[in-house]
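Let's take a walk through this structure together, one helix at a time. Keep the view open beside you as you read.

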Amino acid sequence: MIHVVVAEDMGLLRGALCAALSREEDMEVVADVEGVGELLTVVRRCRPEVVVLALTPELPDPVEVVARISAEAPHAAVLAMSPRWSPALVEAALAAGARGLVGKDSSLAELVRAIRALAAGDRAIDPAAAVAVLSPPEIPLTPREMDVLRMAAEGLPLKEIAVRLYLAHGTVRNHLSVILRKTGARNRLEAVWRAQRNGWL
(Lines give C-alpha, C1' and ligand atoms only; values in the text may rest on other atoms or scores of the structure.)
Protein backbone atom coordinates (compact mmCIF):
# COMPACT_ATOMS: atom_id res chain seq x y z
CA MET A 1 0.00 0.00 0.00
CA ILE A 2 1.35 3.42 -0.99
CA HIS A 3 0.69 6.02 1.72
CA VAL A 4 0.19 9.52 0.31
CA VAL A 5 -0.06 13.00 1.82
CA VAL A 6 -1.70 15.69 -0.35
CA ALA A 7 -0.79 19.36 0.16
CA GLU A 8 -2.95 21.73 -1.89
CA ASP A 9 -4.31 25.12 -0.84
CA MET A 10 -7.48 24.95 -2.97
CA GLY A 11 -10.04 22.99 -0.95
CA LEU A 12 -12.12 21.75 -3.88
CA LEU A 13 -9.11 20.47 -5.80
CA ARG A 14 -7.60 18.95 -2.66
CA GLY A 15 -10.82 17.08 -1.91
CA ALA A 16 -11.11 15.81 -5.48
CA LEU A 17 -7.47 14.65 -5.47
CA CYS A 18 -7.87 12.80 -2.19
CA ALA A 19 -11.10 11.12 -3.32
CA ALA A 20 -9.60 10.07 -6.66
CA LEU A 21 -6.38 8.69 -5.16
CA SER A 22 -8.27 6.85 -2.42
CA ARG A 23 -10.13 4.89 -5.09
CA GLU A 24 -6.85 3.32 -6.26
CA GLU A 25 -6.47 -0.16 -4.77
CA ASP A 26 -2.79 0.30 -3.92
CA MET A 27 -3.03 3.83 -2.45
CA GLU A 28 -4.19 5.37 0.80
CA VAL A 29 -4.32 9.12 1.45
CA VAL A 30 -3.17 9.26 5.07
CA ALA A 31 -3.50 13.06 5.39
CA ASP A 32 -4.25 16.21 3.46
CA VAL A 33 -3.17 19.72 4.39
CA GLU A 34 -4.21 23.14 3.16
CA GLY A 35 -1.00 25.09 3.58
CA VAL A 36 2.64 24.16 3.94
CA GLY A 37 2.92 25.40 7.54
CA GLU A 38 1.89 22.08 9.09
CA LEU A 39 3.09 19.88 6.25
CA LEU A 40 6.42 18.85 7.74
CA THR A 41 4.78 17.86 11.04
CA VAL A 42 2.18 15.79 9.18
CA VAL A 43 4.85 14.10 7.05
CA ARG A 44 6.88 13.20 10.14
CA ARG A 45 3.80 11.83 11.89
CA CYS A 46 2.25 9.89 8.98
CA ARG A 47 5.50 8.76 7.29
CA PRO A 48 4.06 8.62 3.74
CA GLU A 49 5.98 7.19 0.82
CA VAL A 50 4.87 10.08 -1.41
CA VAL A 51 3.95 13.72 -0.76
CA VAL A 52 1.93 15.37 -3.54
CA LEU A 53 2.78 19.04 -3.10
CA ALA A 54 1.23 21.91 -5.05
CA LEU A 55 3.75 24.69 -5.60
CA THR A 56 1.90 27.98 -5.28
CA PRO A 57 3.14 31.43 -6.29
CA GLU A 58 1.92 32.82 -2.96
CA LEU A 59 4.80 31.06 -1.20
CA PRO A 60 7.87 33.29 -0.88
CA ASP A 61 10.00 30.38 -2.09
CA PRO A 62 7.81 27.58 -3.43
CA VAL A 63 10.60 25.00 -3.36
CA GLU A 64 11.87 25.74 0.15
CA VAL A 65 9.38 23.29 1.62
CA VAL A 66 10.57 20.63 -0.86
CA ALA A 67 14.11 21.06 0.46
CA ARG A 68 12.92 20.79 4.07
CA ILE A 69 10.99 17.59 3.44
CA SER A 70 13.93 16.10 1.54
CA ALA A 71 16.30 16.97 4.40
CA GLU A 72 14.11 16.15 7.40
CA ALA A 73 11.90 13.35 6.02
CA PRO A 74 14.02 11.54 3.41
CA HIS A 75 11.64 8.56 3.48
CA ALA A 76 9.02 10.71 1.70
CA ALA A 77 9.42 11.30 -2.04
CA VAL A 78 8.08 14.70 -3.13
CA LEU A 79 5.90 14.89 -6.24
CA ALA A 80 5.67 18.61 -7.03
CA MET A 81 2.67 19.98 -8.95
CA SER A 82 2.63 23.31 -10.75
CA PRO A 83 0.16 24.96 -13.12
CA ARG A 84 3.12 25.99 -15.28
CA TRP A 85 6.74 24.85 -15.41
CA SER A 86 9.54 27.27 -16.20
CA PRO A 87 13.20 26.27 -16.60
CA ALA A 88 14.04 28.04 -13.32
CA LEU A 89 11.23 26.33 -11.39
CA VAL A 90 12.09 22.88 -12.77
CA GLU A 91 15.75 23.35 -11.89
CA ALA A 92 14.96 24.69 -8.41
CA ALA A 93 12.44 21.93 -7.59
CA LEU A 94 14.82 19.16 -8.67
CA ALA A 95 17.77 20.77 -6.87
CA ALA A 96 15.65 20.97 -3.71
CA GLY A 97 15.05 17.22 -3.87
CA ALA A 98 11.74 16.75 -5.69
CA ARG A 99 11.71 13.30 -7.26
CA GLY A 100 8.73 13.98 -9.52
CA LEU A 101 7.20 16.92 -11.39
CA VAL A 102 3.66 17.00 -12.76
CA GLY A 103 1.49 19.73 -14.24
CA LYS A 104 -1.82 20.61 -12.62
CA ASP A 105 -3.44 19.92 -15.96
CA SER A 106 -2.13 16.33 -16.00
CA SER A 107 -4.66 13.51 -16.14
CA LEU A 108 -5.44 11.42 -13.09
CA ALA A 109 -3.81 8.44 -14.81
CA GLU A 110 -0.57 10.41 -15.22
CA LEU A 111 -0.64 11.50 -11.58
CA VAL A 112 -1.25 7.95 -10.36
CA ARG A 113 1.53 6.65 -12.60
CA ALA A 114 3.92 9.27 -11.18
CA ILE A 115 3.01 8.39 -7.58
CA ARG A 116 3.64 4.70 -8.25
CA ALA A 117 6.98 5.51 -9.89
CA LEU A 118 8.13 7.56 -6.90
CA ALA A 119 6.97 4.89 -4.44
CA ALA A 120 9.08 2.39 -6.39
CA GLY A 121 12.14 4.62 -6.05
CA ASP A 122 12.05 6.02 -9.58
CA ARG A 123 11.67 9.57 -10.89
CA ALA A 124 8.69 10.94 -12.81
CA ILE A 125 9.05 14.08 -14.89
CA ASP A 126 6.04 15.57 -16.68
CA PRO A 127 6.72 16.06 -20.43
CA ALA A 128 5.75 19.74 -20.09
CA ALA A 129 8.41 20.20 -17.39
CA ALA A 130 11.01 18.52 -19.58
CA VAL A 131 10.05 20.71 -22.54
CA ALA A 132 10.34 23.82 -20.34
CA VAL A 133 13.99 22.99 -19.78
CA LEU A 134 14.78 21.88 -23.33
CA SER A 135 12.88 24.74 -25.01
CA PRO A 136 12.76 27.71 -22.64
CA PRO A 137 10.46 30.53 -23.75
CA GLU A 138 12.08 33.53 -25.39
CA ILE A 139 12.43 36.61 -23.23
CA PRO A 140 10.06 39.28 -24.62
CA LEU A 141 11.95 42.13 -22.93
CA THR A 142 14.80 44.12 -24.49
CA PRO A 143 18.19 44.17 -22.72
CA ARG A 144 17.47 47.68 -21.41
CA GLU A 145 14.04 46.62 -20.09
CA MET A 146 15.74 43.68 -18.37
CA ASP A 147 18.18 46.14 -16.73
CA VAL A 148 15.25 48.18 -15.41
CA LEU A 149 13.47 45.04 -14.18
CA ARG A 150 16.61 43.81 -12.36
CA MET A 151 16.82 47.14 -10.54
CA ALA A 152 13.10 46.97 -9.76
CA ALA A 153 13.67 43.47 -8.33
CA GLU A 154 16.08 45.06 -5.84
CA GLY A 155 13.22 47.28 -4.66
CA LEU A 156 14.81 50.50 -5.89
CA PRO A 157 12.58 53.56 -6.47
CA LEU A 158 12.25 55.04 -9.97
CA LYS A 159 14.66 57.91 -9.27
CA GLU A 160 17.38 55.54 -8.06
CA ILE A 161 16.91 53.27 -11.10
CA ALA A 162 17.20 56.32 -13.36
CA VAL A 163 20.43 57.42 -11.66
CA ARG A 164 22.02 53.97 -11.78
CA LEU A 165 21.15 53.39 -15.44
CA TYR A 166 21.89 56.97 -16.53
CA LEU A 167 18.35 57.41 -17.79
CA ALA A 168 15.74 60.13 -17.44
CA HIS A 169 13.06 59.50 -14.80
CA GLY A 170 10.35 59.51 -17.50
CA THR A 171 12.28 56.98 -19.58
CA VAL A 172 12.40 54.56 -16.66
CA ARG A 173 8.67 55.04 -16.11
CA ASN A 174 8.05 54.30 -19.81
CA HIS A 175 10.23 51.18 -19.65
CA LEU A 176 8.26 49.94 -16.63
CA SER A 177 4.95 50.52 -18.45
CA VAL A 178 6.21 48.44 -21.39
CA ILE A 179 7.47 45.73 -19.01
CA LEU A 180 4.03 45.50 -17.35
CA ARG A 181 2.35 45.25 -20.74
CA LYS A 182 4.72 42.61 -22.08
CA THR A 183 4.60 40.44 -18.94
CA GLY A 184 0.86 40.91 -18.38
CA ALA A 185 1.60 42.04 -14.82
CA ARG A 186 -0.47 44.51 -12.82
CA ASN A 187 2.46 46.03 -10.91
CA ARG A 188 6.24 45.92 -10.56
CA LEU A 189 6.18 43.19 -7.91
CA GLU A 190 4.12 40.89 -10.12
CA ALA A 191 6.37 41.63 -13.13
CA VAL A 192 9.42 40.63 -11.08
CA TRP A 193 7.67 37.46 -9.87
CA ARG A 194 6.67 36.49 -13.43
CA ALA A 195 10.20 37.09 -14.70
CA GLN A 196 11.65 34.96 -11.91
CA ARG A 197 9.07 32.21 -12.51
CA ASN A 198 9.98 32.14 -16.19
CA GLY A 199 13.69 32.07 -15.45
CA TRP A 200 14.48 35.50 -16.94
CA LEU A 201 15.99 36.84 -13.71
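**A walk from loop to helix**

Start in the loop between helix H8 (158–165) and helix H9 (169–183), where you will find Tyr166. This is a predicted model, so please read each detail with that in mind. Tyr166 is not a glycine, yet its phi is positive, at about 55°. Most residues other than glycine have a negative phi. With 76% relative accessibility, Tyr166 counts as exposed.

Arg47 also has a positive phi despite not being a glycine, here of about 50°. You can locate Arg47 in the loop between H2 and S3, just after H2 ends. Helix H4 (residues 87–96) offers a glycine case: Gly97 follows H4 and has a positive phi, near 120°. Within H4 itself, the buried residues are Pro87, Leu89, Val90, Ala93 and Ala96.

Now go back to helix H2, which spans residues 39–46. Which residues of H2 are buried? They are Leu39, Leu40, Val42 and Val43. These residues sit on the same side of H2, because the arc they cover around the axis is only 160°. The general background is helpful here: an α-helix has 3.6 residues a turn, so residues three or four places apart point the same way. As for what lies over the buried residues of H2, the cover includes strand S1 (2–7), strand S2 (27–33), strand S3 (50–54) and helix H3 (64–72).

Next, look at a pair of helices. Two packed helices are described by the angle between their axes and the distance between the axes. For helix H1 (residues 11–22) and helix H5 (residues 108–119), the axes come within 11 Å and cross at roughly 65°. H1 and H5 are therefore roughly perpendicular to each other, and H1 passes H5 in a right-handed crossing. On the H1 side, Leu17, Ala20 and Leu21 make the contact, while H5 contributes Leu108, Leu111, Val112 and Ile115. Sorted by class, this contact of H1 with H5 has seven nonpolar residues, with no polar and no charged ones.

Our last stop is Glu145, in helix H7 (residues 143–153). Is Glu145 buried or exposed? Its relative accessibility is 6%, so Glu145 counts as buried. If you set aside the neighbours within four places in sequence, Glu145 is in contact with Pro140, His175, Val178, Ile179 and Lys182. Try selecting Glu145 together with these partners in your viewer.

Technical notes: Residues numbered from 1 in each chain as written. Predicted model: local features only at pLDDT ≥ 70, side-chain atom pairs only at ≥ 80, totals over all residues. Heavy atoms only, no water. Axes fitted to C-alpha atoms, helices over the stretch in contact; angles between N-to-C directions. Helix = DSSP H or I, 4+ residues; strand = E, 2+ residues; numbered from the N terminus. Parallel < 35°, antiparallel > 145°, perpendicular 65-115°, else oblique. Left-handed = near helix turned anticlockwise from the far one by under 90°. Contact = heavy atoms within 4.5 Å. Nonpolar A, V, L, I, M, F, W, Y, C, P; charged D, E, K, R; others polar. Buried < 20%, exposed > 50% of the residue type's maximum accessible area, 1.4 Å probe, protein only. Arc of directions from axis to C-beta.
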